[in-house]
Amino acid sequence: MTHASNDPSVIRSDRKLSVNENKLVKRLVRESGRAISDFNMIEAGDKVMVCLSGGKDSYGLLDLLRIHQSRAPFHFDIVAVNLDQKQPGFPEHVLPEYLESIGVPYHIENQDTYSVVTRVIPEGKTMCSLCSRLRRGILYRVATELGATKVALGHHRDDILATFFLNLFYGGRMKGMPPKLKSSDGKHIVIRPLAYLPEKDLIAYAKLKEFPIIPCSLCGSQENLKRQEINRMIGEWERKFPGRAMSVFGALTRVVPSHLMDPSLFDFTNLEVDPTSFEGDMAFDEETFPDLPDALGSDDGGDSNHEPVTGQARAETSPTGQKIIPLSVVGNLQKLG
């Protein structure tokens, strides 16, 4: 495969992008930058380890982070890491050749987790859980060895929604997939810069960039997974009720602990009458909802006032309702400090 340019900001130099393609690129850069800014994912001096599987999402993640790296007002490093799990037929030459062609530092970690998973998991059972645990432990070790300060994963908006419903329906808990997370041992920060991006846009971007996709023959070929069932449910909702999935995603950013039932999040036991406080009693009121809630803004790809990496020094409002500062301003403040 040949590449027109090593400059990540140049998508294709051999032809002019269509209007829709330009909107797609703008939208992906804008929304990934917004997620980075909202959750302070990347800071000056960071070494970001991008976990590259060979799928569309991780390719898109690497490409978008390179764009932000080229535009950010502060320096941070990127290193791509692939875990070669020794799956039969895995084309081990593809990723090194691609990464060398675009000039990205990389590390290939060779670990035969495939044999472990196929030996331990009975035939016909799903392998995702064990495979994920093995992969996570190896990648954390590699991150330590490489001196990475952040571990970047390619999970997108649809992944986050599906994880929420998996926990809700099958785990009996309200738990999702956060855009930024500290590992259980406290040694690593995991970030998901694609948190605001729908999968359909990443599919279109992969086609536009002609990434050399490597299919997963281990878990990607397994049918009847609970996650696939959830994805089908969400897809059916979107066909029948456009905007519903986006509304649920927005709800994950606007949690009201006092109106749920978790005493560890809200002190129901010591709740007392306070006649001096009045915020509007809705205990007996019917809730009213807009027909099409706009959870995180438009997906139309048009120009936005919010440019997290390269825009002007203007404060914006995040999905959590907090004021956020673009990376350009953060970088300048760090330089001044």
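## Helix H3 and its surroundings

In this report a helix is a DSSP run of H or I with at least four residues, a strand is a run of E with at least two, and such elements are numbered from the N terminus. The structure described here is a predicted model, and every value given for this structure is computed from that model.

Helix H3 covers residues 94–102, and the residues buried within this helix are Val-94, Leu-95, Pro-96, Tyr-98, Leu-99 and Ile-102. These buried residues of H3 pack against three elements, namely helix H2 (56–71), strand S2 (77–84) and strand S3 (106–110). After H3 comes Gly-103, which has a positive phi, near 75 degrees.

## Gln-85 in the loop before H3

Between strand S2 and helix H3 runs a loop, and Gln-85 is found in this loop. Is Gln-85 buried or exposed? Its relative accessible area is 10%, and because buried means under 20%, Gln-85 counts as buried.

Leaving aside residues up to four places away in sequence, the residues that Gln-85 touches are Gln-111, Asp-112, Thr-113, Tyr-114, Cys-131 and Arg-135.

## The crossing of H6 and H8

Helix H6 (residues 157–171) and helix H8 (residues 226–240) have axes that come within 9 Å, and these axes cross at roughly 110 degrees. Angles of 65 to 115 degrees count as roughly perpendicular, and H6 and H8 are therefore roughly perpendicular to each other. The crossing of these two helices, H6 and H8, is right-handed.

On the H6 side, the residues that meet H8 are Asp-158, Asp-159, Leu-161, Ala-162, Thr-163, Phe-165, Leu-166, Phe-169 and Tyr-170. On the H8 side, the residues that meet H6 are Lys-226, Arg-227, Glu-229, Ile-230, Asn-231, Met-233, Ile-234 and Trp-237. Sorted by class, the residues in this contact of H6 with H8 are 10 nonpolar, 2 polar and 5 charged.

## Salt bridges within helices

Side chains of opposite charge can pair when their charged atoms come close. With a cut-off of 4 Å between side-chain nitrogen and carboxyl oxygen, the count comes to 15 salt bridges in this model. One of the salt bridges joins Arg-34 to Glu-31, with 2.6 Å between the closest N and O atoms. Arg-34 and Glu-31 are separated by about one helical turn, because they are 3 residues apart in helix H1 (residues 19–38). Arg-34 counts as buried at 10% relative accessibility, and Glu-31 is buried as well, with a relative accessible area of 7%.

Another salt bridge links Glu-236 and Lys-240, whose closest N and O atoms are 3.5 Å apart. Both Glu-236 and Lys-240 belong to helix H8, where they lie 4 residues apart, about one turn of the helix. An α-helix has 3.6 residues a turn, so residues three or four places apart point the same way. Glu-236 is partly exposed, with a relative accessible area of 31%, whereas Lys-240 counts as exposed at 56% relative accessibility.

## A network of salt bridges

Which residues are joined into one network by salt bridges that share partners? They are Arg-27, Lys-200 and Asp-201. Within this group, the side chains of Lys-200 and Asp-201 meet in a salt bridge of 3.5 Å, N to O. Lys-200 is exposed, with a relative accessible area of 53%, whereas Asp-201 is buried, with a relative accessible area of 5%.

Conventions:
Residues numbered from 1 in each chain as written. Predicted model: local features only at pLDDT ≥ 70, side-chain atom pairs only at ≥ 80, totals over all residues. Heavy atoms only, no water. Axes fitted to C-alpha atoms, helices over the stretch in contact; angles between N-to-C directions. Parallel < 35°, antiparallel > 145°, perpendicular 65-115°, else oblique. Left-handed = near helix turned anticlockwise from the far one by under 90°. Contact = heavy atoms within 4.5 Å. Nonpolar A, V, L, I, M, F, W, Y, C, P; charged D, E, K, R; others polar. Buried < 20%, exposed > 50% of the residue type's maximum accessible area, 1.4 Å probe, protein only.
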